[in-house]
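Good morning, everyone. I will go through one structure today, from its core outwards to a few details of the backbone. Please keep the picture open while I talk.

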Amino acid sequence: MGSVSLNVASSRRGGRRGLACLCSPALLNLLVLLSLLSTNLLALLAFLSPRAHPTLPSSSSNLSSSAISAQVAAIAREIDATRLVPHGGASLPPELLLFLSPHALPLGRDARTGLTHMPASVAHACFRSPPTLALLSAFATYTPRACCPRNATLLQHRLISKGCEPLPRRRCLSRGPRAPLPSSNMGVDNRRWVKPRHDYEFLIDDVLRLAAAASAKIRIGLDVAGGAANFAARMRERGVTIVTTVLDNAGKPMNEFVAARGLFPLLLSPAHRFPFYDGVFDLVHVGTTALDEGGAPALGQAGTEEALEFFMFDADRVLRAGGILWIDSYMCHSEERRQVVVRLIGSFAEAGAWLKLMEEWMDGLFSS
């Protein structure tokens, strides 16, 4: 252990000479230390060299920081924009101004979004024209913590028909017990979807059999522009729950009537985005007028092809995979409109249940 002997063999003219080199342990330790130091020094120089370390990471960091700053600034601008009310905010009712003003979050700044105030949720369409804004002002004119005005229902319907939804909340009370519903059973039809009216009308039992054949059980559905909810009533008889979007007509409290039948009314126009999570319905039933009014600027008007496409994609969004879209008795007002509808529906024919249902429907549409 005291020394290391290194023997190197060599030959010179056939003879051998032994060469011995005696090295002490201290000298070996010194050599190893110098080798480690030189290696680390070279690695440090390579790391600090500008050529070996380009400026890309620094640039990416700067870009990331600037993107975050821009996003925070955009949120701040959005919050500031909610303080500005178009078309002369000074003339708006105090209750509307109070609702539109941002309200401070009770726990301060939200760590996830960075917001400190919550802006009000009111449709942009409510402010796009002076007549609509005048209706909104009348809707928001009331005495706080008292009974709501008698014309509230009519104003609400007129605003929603102009695409002004969601409406602002109000701090007034319902007027109490409503007038009894008429005994004429307005709008009740016990034969629709049970017995055919023409050759190209689907019946409820046909659609349920179609779903069963495709192993797609129908449990819950959405009926768009369902009127008196006759479709929901017929489906309830077969154990299917249907949510019906309903708008009150002048002098006809349709939402109250639907609720009185033990069915679920949802105050919503066809132009509004469906307030449901993705893929929650097994069936979406589209009424006669809903396909035209989906995305239209006002009720009673036909929407553009793009607006119709937005409507169809939103219906697809709330349908689960393999769900059924039922377009019921749609009357095309022109050949051009028919081609638009057929082309758009054909682009959705991907799932088996959809394909079979729409092929039969489109055969009747072409031959009508």
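Before the residues, a word on labels: helices and strands here are DSSP runs, numbered from the N terminus, with at least four residues for a helix and at least two for a strand. With that numbering, Ala 229 lies in the loop between β7 and α7. I will come back to that loop at the end. Please also note that this is a predicted model.

Let me start with the inside. The largest nonpolar core has 25 residues. Those with the most contacts inside this core are Phe 274, Val 284, Leu 291, Phe 311, Met 312 and Leu 325. Which elements give two or more residues to this core? They are the strands β7 (220–224), β10 (281–286) and β11 (319–327), together with the helices α9 (290–293), α10 (305–318) and α11 (335–346). Of these, α10 gives the most, with five residues.

Take Val 284 as an example. Leaving aside residues up to four places away in sequence, Val 284 touches Leu 222, Val 224, Ala 315, Val 318, Leu 319, Ile 324, Leu 325 and Trp 326. There is also a second, separate core of 22 residues, and Phe 202, Phe 231, Ile 242 and Leu 283 are among its members.

Next, the charged side chains. The count is 10 salt bridges, and I will show three. In one of them, Arg 238 pairs with Asp 205, with the closest N and O atoms 2.7 Å apart. Arg 238 is in the loop between α7 (230–236) and β8 (241–246), and Asp 205 is in helix α6 (residues 204–213), so this pair ties together parts that are 33 residues apart in sequence. Are these two side chains buried or exposed? Neither: Arg 238 is partly exposed at 28% relative accessible area, and Asp 205 is partly exposed at 33%.

Another salt bridge joins Asp 282 and Arg 219, at 3.0 Å from N to O. Asp 282 lies in strand β10 and Arg 219 in the loop between α6 and β7, so parts that are 63 residues apart in sequence are tied together. Asp 282 counts as buried, because its relative accessibility is 1% and the cut-off is under 20%. Arg 219, at 48%, counts as partly exposed.

The last of the three is between Arg 234 and Glu 237, at 2.6 Å from N to O. Arg 234 is buried, with a relative accessible area of 6%, whereas Glu 237 counts as exposed at 54%. Two of the bridges I have shown belong to one network, which links Asp 205, Arg 234, Glu 237 and Arg 238.

Now the rings. There are four aromatic pairs by the rule used here. For Phe 274 and Phe 311, the ring centres are 6.0 Å apart and the planes are at 65 degrees, so the pair is edge-to-face. Phe 274 sits in the loop between β9 (264–267) and β10, and Phe 311 in helix α10, 37 residues apart, which makes this a link between distant parts of the chain. Phe 274 is buried at 1% relative accessible area, and Phe 311 is buried at 5%.

Phe 276 and Phe 281 form an edge-to-face pair too, with 4.9 Å between centres and 85 degrees between planes. Here Phe 276 counts as partly exposed at 22%, while Phe 281 is buried at 2%. Elsewhere, ring pairs join Trp 193, Phe 231 and Trp 326 into a cluster.

A charge can also sit over a ring. The charged end of Arg 170 is over the ring of Phe 139, 4.1 Å from its centre. Arg 170 also lies over the face of Tyr 142, at 5.8 Å from the ring centre.

Finally, the backbone. Most residues other than glycine have a negative phi, and most peptide bonds are trans. Where is the exception in the peptide bonds? The bond from Glu 165 to Pro 166 is cis, with omega near 10 degrees. Pro 166 is in the loop between α5 (152–161) and α6.

That brings me back to the loop between β7 and α7, which holds Ala 225 and Ala 229. Ala 225 has a positive phi of about 55 degrees, and Ala 229 one of about 65 degrees. Ala 225 is partly exposed at 29% relative accessible area, whereas Ala 229 counts as buried at 0%.

Technical notes: Residues numbered from 1 in each chain as written. Predicted model: local features only at pLDDT ≥ 70, side-chain atom pairs only at ≥ 80, totals over all residues. Heavy atoms only, no water. Core = buried A, V, L, I, M, F, W, Y, C linked by side-chain atoms within 4.5 Å. Buried < 20%, exposed > 50% of the residue type's maximum accessible area, 1.4 Å probe, protein only. Contact = heavy atoms within 4.5 Å. Salt bridge = Lys/Arg side-chain N within 4 Å of Asp/Glu carboxyl O. Phe/Tyr/Trp six-rings, centres within 6.5 Å; stacked < 30°, edge-to-face > 60°. Lys NZ or Arg CZ within 6 Å of the ring centre and 35° of its normal.
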